[in-house]
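The following exercises concern the protein shown below. Each task is followed by a solution that proceeds step by step.

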Amino acid sequence: MQTDVRQTIAVAATAQLQKYVGTSATNITKARINSVSAQASAADASVKIYNTVGATTASALVCELKFGTAANEWTHFYVPHQGIYCDTGMYAVMSNCDFLTVTGSFT
């Protein structure tokens with residue numbers, strides 16, 4: 001059972017996902033993704049999360065969500081069991097999406 005679950009800092013555009021350490025935003029290096037929440041800004045929103053820091057390659061893609069038929073629709077994707085493991089970082093690429101948060105265990 002995971003007891004160190006927390007949420008990333010919400011992002012409103014493509015970005016490296018971060019957490020707070022004290023009052024400073026810090027890149028997440030290792031993570032287990034337990035859930036992803038996002039809001040569409042238009043139809044056909046998408047979120048891709050890569051196991052990387054700042055660059056995207058198809059081989060690093062660990063999660064892709066497509067959702068929404070209009071603006072302001074939400075999606076919540078829950079990952080069963082131990083979650084999706086990222087051992088390098090989490091870089092999110094968003095399209096037609098207002099904002100994104102990821103919940104999981106981070107280091």
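**Exercise 1. Determine how strand 6 and strand 10 pair, and place them in their sheet.**

Solution. In this predicted model, strand 6 covers residues 45-50 and strand 10 covers residues 91-95. The two pair in the antiparallel sense, over five bridges. One of the bridge partners can be named: Lys 48 is matched with Val 93 in strand 10. In general, the strands of a sheet pair through backbone hydrogen bonds.

The next step is the whole sheet. Four strands form an open sheet in the order 2-10-6-7, with antiparallel pairing. Strand 2 (15-16) and strand 7 (61-67) each have a single partner strand and stand at the edges, so one side of each has no neighbour in the sheet.

**Exercise 2. Describe the largest nonpolar core and state which elements give two or more residues to it.**

Solution. The largest nonpolar core has 25 residues. Within this core, Ile 33, Met 90 and Leu 100 have the most contacts. The elements giving two or more residues are strand 5 (31-40), strand 6, strand 7, strand 9 (84-86), strand 10 and strand 11 (97-106). Strand 5 supplies the largest share, five residues.

Leu 100 serves as an example. Beyond its neighbours within four places in sequence, Leu 100 is in contact with residues including Ile 9, Val 11, Leu 17, Val 36, Val 47, Ala 92 and Met 94. As a general tendency, nonpolar side chains in soluble globular proteins are buried together.

**Exercise 3. Characterise the overall fold and the extent of the protein.**

Solution. The protein has 11 strands and zero helices. Its radius of gyration is 13 Å, close to the 13 Å given by the globule rule for 107 residues, so the protein is as compact as a globular protein of that length. Along the principal axes, the C-alpha trace spans about 35 × 30 × 30 Å.

Burial and contacts complete the description. Buried residues account for 42% of the 107 residues. Of the contacts with a separation of 6 or more, 76% join residues 24 or more positions apart. The accessible surface is about 5,700 Å², and 51% of it belongs to carbon and sulfur atoms.

**Exercise 4. How many disulfides does the protein contain, and is Cys 63 buried or exposed?**

Solution. A disulfide requires two cysteine sulfur atoms within 2.5 Å. By this rule there are zero disulfides. For Cys 63, the nearest cysteine sulfur is that of Cys 86, 8.8 Å away. For Cys 97, the nearest is that of Cys 63, 12 Å away. Cys 63 is buried, with a relative accessible area of 6%. Cys 97 is also buried, at 9%.

Notes:
Residues numbered from 1 in each chain as written. Predicted model: local features only at pLDDT ≥ 70, side-chain atom pairs only at ≥ 80, totals over all residues. Heavy atoms only, no water. Pairing = 2+ DSSP bridges. Core = buried A, V, L, I, M, F, W, Y, C linked by side-chain atoms within 4.5 Å. Buried < 20%, exposed > 50% of the residue type's maximum accessible area, 1.4 Å probe, protein only. Contact = heavy atoms within 4.5 Å. Rg over C-alpha atoms; globule rule 2.2 N^0.38 Å. Areas by Shrake-Rupley, 256 points an atom, 1.4 Å probe, with all protein chains shown as cover.
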